[in-house]
Amino acid sequence: MERVRSHWPLYALLVVGLIFRLYLWKRTGVYLYGDMLRYDTMARNVVLHGYLGLGPGPSAFVTPLYPLFIAFMYKLSMLLHGGHLLDQTRVIHETFLAQQMLSLVTLALAYYIGAALANRYVGFAAGVLSLLYLPNSFIGMLLLTEALFMPALFATIAAFVRAEKGGGVIWYIAAGALLGITTLVRPTVLPLWAVFLFLMWWRWMTARKRGENLPLWGPAIGMTAALVAVMLPWWVRNFIDFHQFIPLSTEAGNPLLAGAIPYFGVNVNTLIQASRALHETQQTFAIHYILHGFSHHFLYFAGWYLFGKLPYLLWQPYLYAFLPAFVLFHQACVIVGAVAALVLIVKPLARSVAVTSLYLLIVQLGFLPLARYGYPVVAVWLILIPVAVFYAWNRWPKRGRLGNE
């Protein structure tokens with residue numbers, strides 16, 4: 001009971017978050033565009049025709065978990081409402097409600113990660129920032145992968161942090177399994193497996209220098225085996241349907257090509273037509289275009305890939321950019337959050353979260369820079385900001401120490 005009472009701030013955050021999310025859900029209608037139309041079509045193909053694909057047959061255009069999640073919600077709606085998918089607005093609005101409830105998991109995990117890295121006061125501060133950051137409360141109202149990606153990503157980070165705090169092999173296994181789930185939602189996170197292994201090795205080497213004996217091979221093998229076990233059904237399905245090994249998806253060529261155009265000086269449709277004229281896939285054409293750019297205009301392309309994409313990814317918020325006050329809040333979080341991530345690399349426990357956030361940013365520099373893809377980075381930085389303040393406060397001369405609680 002004492003433990004329950006000690007986390008009452010979390011419950012208060014969840015109640016406020018729930019009320020706000022339900023308010024948004026009641027006040028927001030259904031409007032699908034862009035990628036949302038594709039996910040809706042794929043989910044309907046699963047429910048009505050029994051295959052996962054965008055066109056008339058199966059495909060591996062995107063990783064499967066989000067379309068399957070929507071398909072599950074559509075099927076549940078059919079069972080609750082007479083076995084039909086006729087009322088598209090009602091079905092999708094009910095899916096939005098489930099996604100809004102799922103977004104509360106992200107809020108709770110922001111609190112947990114902050115508390116694990118410092119104490120429950122820091123966890124509460126991370127939760128408050130996450131609550132005030134409006135996109136966190138609205139992504140459930142969009143038929144996009146963020147609705148499932150964010151709780152899966154935060155759960156992966158939370159499990160790895162718990163493992164590093166001495167949770168044992170089981171938590172490394174959980175982190176591997178959750179990373180597999182997150183990868184099946186958005187494939188760009190798969191290299192986090194190598195990042196986590198490197199961090200585990202770094203921690204092991206540091207412990208050895210201090211004369212401590214930390215396990216390495218058992219946790220590493222357990223995490224890897226769990227990741228492979230989660231990914232295996234997708235690999236087997238692709239091999240059976242397409243007779244080739246497709247580890248992730250086949251859509252990477254389009255965002256790679258769209259992101260290869262410095263400052264969008266050329267219309268991407270022009271390059272798509274050029275790739276078709278050469279009978280090359282968009283991915284192959286994008287690689288040739290990038291190599292040609294670096295060989296003939298090195299500084300121009302290097303500047304684009306190193307710095308030029310950052311304003312597109314981070315400077316304007318994903319959603320709510322029409323609110324000037326929120327834009328200022330977002331930009332302040334970006335600046336302070338980036339500093340916090342860089343500073344916390346030197347802190348052993350917070351290092352994994354800081355490095356994860358920087359990886360999420362770096363990997364997007366290779367693809368189309370949109371505020372939507374920068375949003376997860378900012379969401380993680382909202383946790384790191386109060387953690388960095390906590391460490392800075394405890395280092396300040398003549399300040400009282402705020403220990404872990």
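## A closed space inside the model

A cavity is a set of grid points where a 1.4 Å probe fits but cannot get out. With that in mind, let's look inside this predicted model. It holds 1 cavity of 30 Å³ or more, and the largest cavity has a volume of about 60 Å³.

Which residues line the largest cavity? They are F149, R186, T188, L360, V363, Q364, Y373, P376 and V377. By class, this lining has 6 nonpolar, 2 polar and 1 charged residues. Helices α18 and α19 each supply at least two of the lining residues.

## The largest pocket

The largest pocket offers about 1,000 Å³ of space. Its lining is made up of 35 residues, and S249, E251, A252, G253 and P255 lie nearest the centre. Two or more lining residues come from each of α3, α12, α14, α18 (348–364) and α19 (371–395). If you are curious about the chemistry of this lining, it divides into 19 nonpolar, 11 polar and 5 charged residues.

Two of the helices named here, α3 and α14, are worth a visit of their own.

## Helix α14

Helix α14 runs from residue 282 to 296. Its 15 residues reach 21 Å from the first C-alpha to the last, close to the 21 Å expected at 1.5 Å a residue. Buried along this helix are F285, A286, I290 and G293. These buried residues sit on the same side of α14, because they cover an arc of only 135° around the axis. The general rule behind such a pattern is that an α-helix has 3.6 residues a turn, so residues three or four places apart point the same way.

What covers the buried residues of α14? The cover includes α12 (253–258), α13 (268–277) and α15 (298–308). Turn to the face away from the buried side, and you will find the exposed residues L291, S295 and H296.

## Helix α3

Helix α3 covers residues 35–49, which is 15 residues. At 1.5 Å a residue the helix should span 21 Å, so the 20 Å between its end C-alpha atoms agrees. Just after α3 comes G50, whose phi is positive, near 80°.

Which residues of α3 are buried? They are M36, Y39, D40, M42, A43, R44, N45 and V47. Among them, D40 and R44 belong to the charged class. The buried residues of α3 pack against α4 (65–80) and α5 (88–117).

Technical notes:
Residues numbered from 1 in each chain as written. Predicted model: local features only at pLDDT ≥ 70, side-chain atom pairs only at ≥ 80, totals over all residues. Heavy atoms only, no water. Helix = DSSP H or I, 4+ residues; strand = E, 2+ residues; numbered from the N terminus. Expected span 1.5 Å × (residues − 1). Buried < 20%, exposed > 50% of the residue type's maximum accessible area, 1.4 Å probe, protein only. Arc of directions from axis to C-beta. Contact = heavy atoms within 4.5 Å. 1 Å grid on protein atoms, 1.4 Å probe; cavity = no way out; pocket = protein on both sides within 12 Å on 5 of 7 lines; lining within 4 Å. Points joined across faces, edges and corners; volume = space filled by probe spheres on them.
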